[in-house]
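Okay, thanks for squeezing me in. Let me put the structure up and we'll walk through where the ligand sits.

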Amino acid sequence: MKELLAISSQFALNGAPIEVKPLGEGFINDTYIISTNADSYLLQRKNKNIFTNVPAMMDNIEAVCNHIKAKVAARGGDPMREAMTVIPTHDGKLYYQDEQGEFWAVCLYIKDNLTYQSACTPELAFQGGKGIGMFQAMVSDLKTPLTDILPGFHNIRYRFQQWDAVLAKDPVGRKASVATEIAWVESRREEMLRFWSLVEDGTIPTRVTHNDTKINNILFDQNEEVLCVIDLDTVLNSTCLNDFGDAIRSYTNTGLEDDENLDNVTMSMPIFEAYTRGYLSQTSCFLTHAELEYLAFSAKYITYEQVLRFLMDYIDGDNYYKVKHKEHNLQRTRAQYKLLSSIEEQFDEMRSVVERVSKEYSC
Ligand SMILES: Nc1ncnc2c1ncn2[C@@H]1O[C@H](COP(=O)(O)OP(=O)(O)O)[C@@H](O)[C@H]1O
Ligand SMILES: [Mg+2]
């Protein structure tokens, strides 16, 4: 506590820090609430295993927050509640590095918020889509280039380089036992590379994306309306489709990511439609024809990437994802492939939903 108070006092808070309490909901960073006699703040120790360039990450966050604040102010909203506010240190830095080399950052705590841990109803899925859509719409004209703090993220060409290397090495001798699963990945290689080449050649534009679209990264007000999107650690320049696809991958799964019973795992069309509706209610005016054309495909792309990553980690000897048992990554591969198959089976309908809803919200 004494140490956390000392760290807190490095930042330009309104009032002296009185108390620092852990807030136990995040998975990536260690999060605390600082109270002064005037305000509350969120203190985070950034996970330096995942984020290797915290100064650049904080510059990205600041650029995005300032842009959103200006937008909120212009529409007569409250920039202190409808956007994150990064608090600098007394010497004007956006982070503090302690003697152990750990990076700390502070933002204003937005009071009287509601959060949800999962979106299991169409109503919540709609709100989730609306939240990410609002975020993307507000930053759609942000010109400042962001630093790519997660190189290769959702880039299937990069994943295939890793994949080919791991398969060539077969470090723990598991490759022969997963020939069927390898064929799942290989049979779609060209299709996925074709899509990614559209991003590479600019047919599908690169914009500001969030890259962690879980519903618990959206704050709601007491009327259950979207306040703002938080957890901006992963903002970078990529295609908006990756945010959409990743949200669909997680929101619509009727089972678990590592479900043992594959019958549980399907892509829920009502949740897909609700998320799409919320998302397009905010984005249909700026998304290009090419983006709308590939919106449904992005769910296939991101789910496929996850199949590849789970299987690659299994073949590599379980170095990346934490496993509870020897076959855990294989179990995840099969469950994720079941989801991919369900998306593929319903793909025509997903495309029709996008077409219908985008017409409803066309400007
Ligand atoms: N500015 C904020 N105001 C209020 N609560 C917040 C704010 N930022 C984060 N939180 C709360 O803290 C939790 C963890 O923060 P988050 O930045 O999402 O960390 P992690 O990267 O570990 O997920 C969030 O799910 C949310 O409940
Ligand atoms: Mg979070």
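So, which pocket does ligand 1 take? The space it fills is the second largest pocket. A pocket here, on a 1 Å grid over the protein atoms alone, is an open set of points with protein on both sides within 12 Å along at least five of seven lines, and a molecule sits in one if more than half of its atoms lie within 2 Å of its grid points.

Quick housekeeping: this is a predicted model, where local features need pLDDT of at least 70 and side-chain atom pairs pLDDT 80 or more, while totals for chains, interfaces and linings use all residues. Residues count from 1 along each chain as written, chains are lettered from A and ligands numbered from 1 in written order, and side-chain values use heavy atoms, without hydrogens and water.

Now the neighbours. Ligand 1 has 19 residues around it (a heavy atom within 4 Å), with Asn-29, Gln-44 and Asp-231 among the closest. Domain 1 (2-108) and domain 2 (122-360) each give at least three; the bounds come from an automatic or database assignment.

Polar contacts, meaning N or O pairs within 3.5 Å: a backbone N or O of Asn-29 is 3.0 Å from a ligand 1 oxygen, and one of Leu-108 is 3.1 Å from a ligand 1 nitrogen.

Key. Polar contact = N/O pair within 3.5 Å; in protein donor to acceptor, adjacent residues only side chain to side chain. 1 Å grid on protein atoms, 1.4 Å probe; cavity = no way out; pocket = protein on both sides within 12 Å on 5 of 7 lines; lining within 4 Å.
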